[in-house]
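This report describes a ligand site and the sheet that accompanies it in one protein model. Please keep the sequence and the structure in view while reading.

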Amino acid sequence: VITVELKASTGNSSIYVGESVENIAKYVDPGKTIILTDDIVMSLYGQSFADYPHIVIGHGEKNKTFNSLTYIYEKLFELGADRKSTLVAVGGGLVSDVAGFAASTFLRGIRFGYAATTLLAQVDASVGGKTGINFGGFKNMIGVFRQPEFVLCDLAKLSSLPETEYLSGLGEVVKHSFIKSRELFDYISANIDKILARDMAVLERLVHECVLIKSGVVMRDEKENGERRLLNFGHTIGHAVESVTGMAHGLAVSAGMVAAINISVAKGSLNEAQADEAIALLKKLGLYAEIQADPGKLKKALFMDKKREGSSIHFVLLDGIGEAHYRSVEVSELEGIIDDLCGNS
Ligand SMILES: NC(=O)c1ccc[n+]([C@@H]2O[C@H](COP(=O)([O-])OP(=O)(O)OC[C@H]3O[C@@H](n4cnc5c(N)ncnc54)[C@H](O)[C@@H]3O)[C@@H](O)[C@H]2O)c1
């Protein structure tokens with residue numbers, strides 16, 4: 001087990017890469033612990049936490065709602081949770097985001113931690129203290145920043161992940177390399193077959209590197225006023241594509257990354273050879289996707305981005321592989337780019 005410490009203003013997290021769900025008792029007072037999970041993780045791994053009282057919500061983004069939150073508060077009451085209780089999410093980013101928010105608000109805040117069972121949760125969602133639910137048709141509109149006390153990244157559980165979920169996580173791994181680490185990019189490029197075969201030693205290295213990168217960024221800019229914006233690389237257009245096409249999150253973000261790479265070339269910050277190299281890696285991993293969406297709807301979705309500030313939005317461009325910057329661009333400028341990307345000019 002490899003440990004990474006994240007220290008921030010809303011709390012400190014100890015992140016354990018390679019620790020298993022079965023060892024939760026090492027990190028909590030077992031008599032004061034309640035598990036939150038979803039129905040799929042419950043049916044696959046419920047026996048791993050059968051000793052704890054648990055709360056089960058439905059799987060999938062449609063359950064990231066106030067209704068789930070109300071249900072969780074009711075169950076916490078029923079189970080006699082108090083200020084000394086710890087809520088532990090076992091599952092992917094959905095249950096960790098909801099558990100973090102529920103725990104941060106129940107009795108004005110109880111302790112919480114995560115046992116992450118998806119690649120996306122291990123390399124991204126469980127690190128950094130963003131918690132919340134969707135609202136009014138938009139993702140993550142209501143929430144708070146608060147760091148989980150601990151995160152267990154259970155690599156063995158990744159073997160049962162459906163392929164599209166695995167690819168979604170890989171997209172975030174590649175994103176971390178694009179914006180911050182040429183070394184990680186080279187490591188991924190040299191280990192494609194092992195990555196696709198979910199080799200545990202390779203996964204340990206990938207998860208560890210991504211946790212180091214993300215926790216470093218979060219420690220320098222927890223509330224996303226600067227450097228943390230870089231983590232949105234590919235996501236501005238990716239989220240719009242996802243909401244318009246219903247495409248799987250990971251592939252939509254990959255389409256967004258391909259678009260952002262092309263825009264980086266058009267703006268002169270990335271050269272063609274670097275762009276080709278980046279896109280070739282996405283292709284080898286089965287992550288290459290182009291935007292196929294109605295440009296009008298895409299533009300509308302872009303304008304609804306919650307990270308928009310007035311008529312502009314922070315857009316992340318690559319300067320090379322492993323280097324990125326963000327700049328404020330007018331949404332109208334992005335609209336023109338969308339027309340180009342969708343082949344309308
Ligand atoms: N807080 C953050 O910083 C942050 C960052 C990125 C994403 N997110 C959020 O994370 C969520 C997406 O996370 P996710 O991709 O983990 O999705 P998820 O939690 O919905 O999990 C995906 C699916 O995999 C199933 N699953 C989980 N573990 C499994 C396993 N080991 N084997 C088989 N199936 C398993 C789940 O039941 C679910 O059906 C979104 O709600 C997103 O907004 C948050």
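The text below treats the surroundings of the ligand and then the sheet with its helices.

This is a predicted model, in which local features need pLDDT of at least 70 and side-chain atom pairs count only at pLDDT 80 or more, whereas totals for chains, interfaces and linings use all residues. Residues are numbered from 1 along each chain as its sequence is written, and side-chain values use heavy atoms, with hydrogens and water left out.

**Ligand site**

The ligand is surrounded by 26 residues, where a residue is near a molecule if one of its heavy atoms lies within 4 Å of it; the closest are Asp38, Lys64, Thr117, Thr118 and Ser160. The table gives polar contacts, that is, pairs of N or O atoms within 3.5 Å.

| Protein partner | Ligand atom | Distance |
|---|---|---|
| Leu94, polar backbone atom | oxygen | 3.0 Å |
| Thr118, polar side-chain atom | oxygen | 2.6 Å |
| Ser160, side-chain N or O atom | nitrogen | 2.7 Å |

Of the 860 Å² of accessible area that the ligand has on its own, the protein covers 90% (Shrake-Rupley method, 1.4 Å probe). Two or more residues of the shell come from each of helix H1 (39–45), helix H3 (93–105), helix H4 (119–125) and strand S8 (138–142), and H1 gives the most, with 4 residues; helices (H or I, at least four residues) and strands (E, at least two) are DSSP runs, numbered from the N terminus.

**Sheet and helices**

An open sheet of 7 strands has the order S1-S2-S9-S6-S5-S3-S4, with mixed pairing, two strands being paired if DSSP finds at least two bridges between them. Strand S1 (2–8) and strand S4 (54–57) stand at the edges with a single partner strand each, so one side of each has no neighbour in the sheet. Strands S2 (residues 11–17) and S9 (residues 150–153) run parallel and are joined by 4 bridges, and Val17 has Cys153 in S9 as its bridge partner.

Helix H2 (residues 66–78) lies across strand S3 (33–38), S4 and strand S5 (86–91), running at about 165° to S4; axes are lines fitted to C-alpha atoms, for helices over the stretch in contact, and angles run from 0 to 180 degrees between N-to-C directions. Helix H3 packs on the sheet by touching S3, S4, S5 and strand S6 (111–116), and its direction makes about 170° with that of S5, contact meaning heavy atoms within 4.5 Å.

Technical notes
A polar contact is a pair of N or O atoms within 3.5 Å; within protein, one must be able to donate a hydrogen and the other to accept it, and residues adjacent in sequence count only if both atoms are side-chain atoms.
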